[in-house]
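Hi there,

I am handing over the structure we talked about, and it is pasted just below. My notes on it follow, so please have a look whenever you have a moment.

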Amino acid sequence: MMTKAIMQLDTLTCPSCMTKIQKALANQTGVTNVKVLFNASKVKLQFDDTQTTADQLAAVVTGLGYTVKSIRVKQPKVA
(Lines give C-alpha, C1' and ligand atoms only; values in the text may rest on other atoms or scores of the structure.)
Protein backbone atom coordinates (compact mmCIF):
# COMPACT_ATOMS: atom_id res chain seq x y z
CA MET A 1 0.00 0.00 0.00
CA MET A 2 1.14 3.52 -0.68
CA THR A 3 1.95 5.35 2.54
CA LYS A 4 2.82 8.99 3.12
CA ALA A 5 5.27 10.28 5.71
CA ILE A 6 6.75 13.57 6.83
CA MET A 7 10.18 13.63 8.45
CA GLN A 8 11.18 16.63 10.51
CA LEU A 9 14.93 17.11 10.30
CA ASP A 10 17.41 19.16 12.23
CA THR A 11 18.07 22.42 10.39
CA LEU A 12 19.34 21.95 6.84
CA THR A 13 22.24 24.31 6.26
CA CYS A 14 22.58 24.35 2.47
CA PRO A 15 20.74 23.49 -0.74
CA SER A 16 23.26 20.75 -1.54
CA CYS A 17 22.15 18.97 1.67
CA MET A 18 18.60 19.03 0.33
CA THR A 19 19.70 17.55 -2.99
CA LYS A 20 21.80 14.85 -1.31
CA ILE A 21 18.86 13.70 0.86
CA GLN A 22 16.38 13.82 -2.01
CA LYS A 23 18.58 11.72 -4.32
CA ALA A 24 19.37 9.14 -1.64
CA LEU A 25 15.71 8.63 -0.74
CA ALA A 26 14.52 8.62 -4.37
CA ASN A 27 16.89 5.69 -5.02
CA GLN A 28 15.37 3.53 -2.28
CA THR A 29 13.17 0.59 -3.29
CA GLY A 30 9.48 1.41 -2.95
CA VAL A 31 9.84 5.20 -2.81
CA THR A 32 7.62 6.84 -5.41
CA ASN A 33 7.79 10.51 -4.43
CA VAL A 34 10.23 12.61 -2.39
CA LYS A 35 10.17 16.33 -1.73
CA VAL A 36 12.65 18.02 0.59
CA LEU A 37 11.50 21.38 1.92
CA PHE A 38 14.73 23.26 2.63
CA ASN A 39 13.32 26.20 4.61
CA ALA A 40 11.11 23.97 6.76
CA SER A 41 13.73 21.21 7.19
CA LYS A 42 11.13 18.61 6.25
CA VAL A 43 11.00 15.65 3.90
CA LYS A 44 7.67 14.58 2.40
CA LEU A 45 7.65 10.99 1.15
CA GLN A 46 5.34 8.57 -0.54
CA PHE A 47 6.36 4.92 -0.51
CA ASP A 48 5.11 1.37 -0.83
CA ASP A 49 5.02 0.02 2.72
CA THR A 50 5.33 -3.56 1.46
CA GLN A 51 8.84 -2.72 0.19
CA THR A 52 10.21 -0.35 2.85
CA THR A 53 9.30 1.38 6.10
CA ALA A 54 9.49 4.94 7.36
CA ASP A 55 12.12 3.83 9.88
CA GLN A 56 14.28 2.35 7.13
CA LEU A 57 14.01 5.58 5.16
CA ALA A 58 14.89 7.61 8.26
CA ALA A 59 17.96 5.39 8.65
CA VAL A 60 19.06 6.40 5.14
CA VAL A 61 18.88 10.08 6.15
CA THR A 62 20.70 9.37 9.42
CA GLY A 63 23.35 7.45 7.49
CA LEU A 64 24.02 10.59 5.45
CA GLY A 65 24.83 12.42 8.68
CA TYR A 66 21.54 14.26 9.29
CA THR A 67 19.29 14.08 12.34
CA VAL A 68 15.66 12.99 11.97
CA LYS A 69 13.80 14.64 14.85
CA SER A 70 10.41 13.03 14.15
CA ILE A 71 8.46 11.00 11.61
CA ARG A 72 4.73 11.32 11.06
CA VAL A 73 3.23 8.48 9.01
CA LYS A 74 -0.17 8.69 7.38
CA GLN A 75 -1.52 5.24 6.63
CA PRO A 76 -3.80 4.91 3.61
CA LYS A 77 -7.48 4.35 4.25
CA VAL A 78 -8.66 0.86 3.47
CA ALA A 79 -11.97 0.75 1.65
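Leaving aside its neighbours within four places in sequence, Thr-52 touches Thr-29, Phe-47 and Leu-57. Please keep in mind as you read that this is a predicted model. Thr-52 lies in the loop that runs between β3 (42-48) and α2 (54-63), and its side chain makes a polar contact of 3.1 Å with that of Gln-56. Is Thr-52 buried or exposed? With a relative accessible area of 8%, Thr-52 is buried, because the cut-off for that is under 20%.

Another loop residue you may like is Ser-41, which sits between β2 (31-37) and β3. Ser-41 is buried too, with a relative accessible area of 7%. Its contacts, not counting neighbours within four places in sequence, are Met-7, Gln-8, Leu-9, Asp-10, Thr-11 and Leu-12.

Now to the sheet. Four strands make up an open sheet in the order β2-β3-β1-β4, with antiparallel pairing. At its edges stand β2 and β4 (68-74); each has a single partner strand, so one side of each has no neighbour in the sheet. On average, and with direction ignored, neighbouring strands are turned by 15° against each other. The antiparallel pair β2 and β3 is joined by six bridges, and Val-34 has Leu-45 in β3 as its bridge partner.

Both α1 and α2 pack on this sheet. α1 touches β1, β2 and β3, and its direction makes about 170° with that of β2. α2 touches β1, β2, β3 and β4, and its direction makes about 150° with that of β4.

What about the core? In soluble globular proteins, nonpolar side chains tend to be buried together. Here the largest nonpolar core has 20 residues, and the ones that touch the most other members are Met-7, Ile-21, Leu-25, Val-43 and Leu-45. Two or more residues each come from β1 (2-9), α1 (15-26), β2, β3 and α2, with α2 giving the most, at five residues. Beyond residues up to four places away in sequence, Leu-25 touches Val-31, Val-34, Val-43, Leu-45, Leu-57, Val-60 and Val-61.

Last, the cysteines: how many disulfides does the structure hold? The count is zero. Cys-14 is partly exposed, with a relative accessible area of 22%, whereas Cys-17 counts as buried at 9%.

Happy to go through any of this with you.

Best wishes

Technical notes
Residues are numbered from 1 along each chain as its sequence is written. This is a predicted model: local features need pLDDT of at least 70, side-chain atom pairs count only at pLDDT 80 or more; totals for chains, interfaces and linings use all residues. Side-chain values use heavy atoms; hydrogens and water are left out. Buried means under 20% relative accessible area, exposed over 50%, partly exposed in between (1.4 Å probe, protein chains only). A polar contact is a pair of N or O atoms within 3.5 Å; within protein, one must be able to donate a hydrogen and the other to accept it, and residues adjacent in sequence count only if both atoms are side-chain atoms. Contact means heavy atoms within 4.5 Å. A disulfide is a pair of cysteine sulfur atoms within 2.5 Å. A nonpolar core is a set of buried Ala, Val, Leu, Ile, Met, Phe, Trp, Tyr and Cys residues joined through side-chain atoms within 4.5 Å. Two strands pair if DSSP finds at least two bridges between them. Axes are lines fitted to C-alpha atoms, for helices over the stretch in contact, and angles run from 0 to 180 degrees between N-to-C directions.
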